[in-house]
Structure formats: structure tokens, C-alpha cells
Amino acid sequence: MAGGTGSSISASDRIEQLNNVDRDVAKLLQYAGTAIKALTSSAPESNGNQDDQAQNIEQRKADFSAASSEYFGTLSSIDVRLRRHITALEKAGILPSEMGAAELQSVQSDAKSSQLSTANNRTTITNGGLGNLDIGWLNSRNDHAEKPMEAELWEEAQRMVQRTLDNKLWVEDEEDATMSDDRAMSAA
């Protein structure tokens, strides 16, 4: 993202790139698991011949080496892409630059301070170090918590209606029983 290319990438492209990073983090975990599995595979049976055991050990070494290489390659790729996104966010003024890191700690320790400028007045840290990032706007776009909560509310409403109907039927049965008793007494 050198020069002016950072501003030419749309927000949807950036989100897609971050989704790719997210997928690569899952791959990273898979590579780590494969490497660990190669190291912890059970030992071959003692009744196998020496050549089979040596071949099994060599295969495990090769599996570990391949998984390790993929792990470190993917880790490096993730690191580079995330650094590019951080740099773009800093250039856009959404995140404070690294130059303001010490000042950010000062802002966080002094909750009364809402703005702090660096000594050379090039970087201004606002909004507790979040820059121009509007957390409310981001949260309003996220419905991960809203959907399960809505489902819970509908379930609770359904249980409440069912209890009400059950109570109403029980009350009607009681009234019918009372009326039957009254009729039986008046007939006697």
C-alpha cells in the first residue's frame, strides 16, 4: 500500500482481504495440529521390521517438516497483510500511529483527558486512542448477538402464552366444576 494505493481500495475489498486473513488463521491452526500430530503419533509395533519402522519415522519427519513450513509461511503472510491494514488505518486517521503509542498509554491512564497531541503536533490521539472509529456504528452493523437474543425472546413469549392458556383452561375447568357442583346441590 505504498503511495496513494491505500485509498483506492474500497471498504468491501478490505473486508474481503480481512476475511481471507481469517481463513488463513484457521489454516494456521490446522498446520500446527498436523505438525504436532506428526510428533506425537504412536510408535510402530515392535513386531514390524526395521525398514518399515525407519520408513515410518522418515514419513513423520517429512510430515512435520511440510506442516512446519506451511505454518511459518502462512504466519508470515498473515503478519504482512495485517501490518498493511494497520498502516492503512493509521494513514486514514482511524487508528493512532505507532508514534503516539506512549501518548495512548497516557490517555488510557488519565480517563479525564479526551485528546492528546504528540510533542511535534503531528499525531492527535482522540476517542481514547480509537481515532475516528465510531464503535456505535460498528456495533449497529453486527447482528450476531441480536439474532440469538431475539430467538430467546420469542421462546420466552411462546412459553408465557402457553402458561397463560394452560392457566385459563385450568380456571375454566374449575369454573365448570363449580357450576356442576352448584347445579347438583340445587337439584338435590
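Me: Relative accessible area sorts residues into buried (under 20%), exposed (over 50%) and partly exposed (in between), with a 1.4 Å probe and protein chains only. Why is Phe 72 called exposed?

Reply: The relative accessible area of Phe 72 is 52%, which is over the limit for exposed residues, so Phe 72 is placed in that class. The structure is a predicted model, in which local features need pLDDT of at least 70 and side-chain atom pairs count only at pLDDT 80 or more, whereas totals for chains, interfaces and linings use all residues. Residues are numbered from 1 along each chain as its sequence is written, and side-chain values use heavy atoms, with hydrogens and water left out.

Me: What makes Tyr 71 partly exposed?

Reply: Tyr 71 has a relative accessible area of 25%, a value that falls between the two limits, and Tyr 71 is therefore called partly exposed.

Me: Why is the pair formed by the rings of Tyr 71 and Phe 72 called edge-to-face?

Reply: Rings of Phe, Tyr and Trp (its six-membered ring) pair if their centres lie within 6.5 Å, and planes under 30 degrees apart count as stacked, over 60 as edge-to-face and the rest as tilted. The search of the whole structure finds one aromatic pair; the centres of Tyr 71 and Phe 72 are 5.1 Å apart, within the limit for a pair, and their planes stand at 85 degrees, so the arrangement is edge-to-face.

Me: How do you know that the side chains of Arg 81 and Asp 24 meet in a salt bridge?

Reply: A salt bridge requires a side-chain nitrogen of Lys or Arg within 4 Å of a carboxyl oxygen of Asp or Glu. For Arg 81 and Asp 24 the N to O distance is 2.3 Å, and the pair therefore qualifies. This salt bridge links distant parts of the chain, with Arg 81 in helix α3 (residues 50–91) and Asp 24 in helix α2 (residues 11–40), 57 residues apart; the helices are DSSP runs of H or I with at least four residues, strands are runs of E with at least two, and both are numbered from the N terminus. Seven salt bridges are found in the whole structure.

Me: Why does Asp 24 count as buried?

Reply: Its relative accessibility is 15%, which is under the limit for buried residues, so Asp 24 belongs to that class.

Me: What makes Thr 74 buried, and which residues does Thr 74 touch?

Reply: Thr 74, in helix α3, has a relative accessibility of 11% and therefore also counts as buried. Leaving aside residues up to four places away in sequence, Thr 74 touches Asp 24, Leu 28 and Tyr 31, where contact means heavy atoms within 4.5 Å.

Me: How do you know that Glu 156 forms a salt bridge with Arg 163?

Reply: The closest N and O atoms of Glu 156 and Arg 163 are 3.8 Å apart, which is within the salt-bridge limit, so the pair is accepted. Glu 156 also meets Arg 159 in a salt bridge, at 2.7 Å from N to O; Glu 156 and Arg 159 both lie in helix α6 (residues 146–187), three residues apart, about one turn of the helix.

Me: Why are Glu 156, Arg 159 and Arg 163 called partly exposed?

Reply: Glu 156 has a relative accessibility of 32%, Arg 159 a relative accessible area of 42% and Arg 163 one of 44%; these values lie between the limits, so each residue is partly exposed. Elsewhere, salt bridges that share partners join Asp 24, Lys 27 and Arg 81 into one network.
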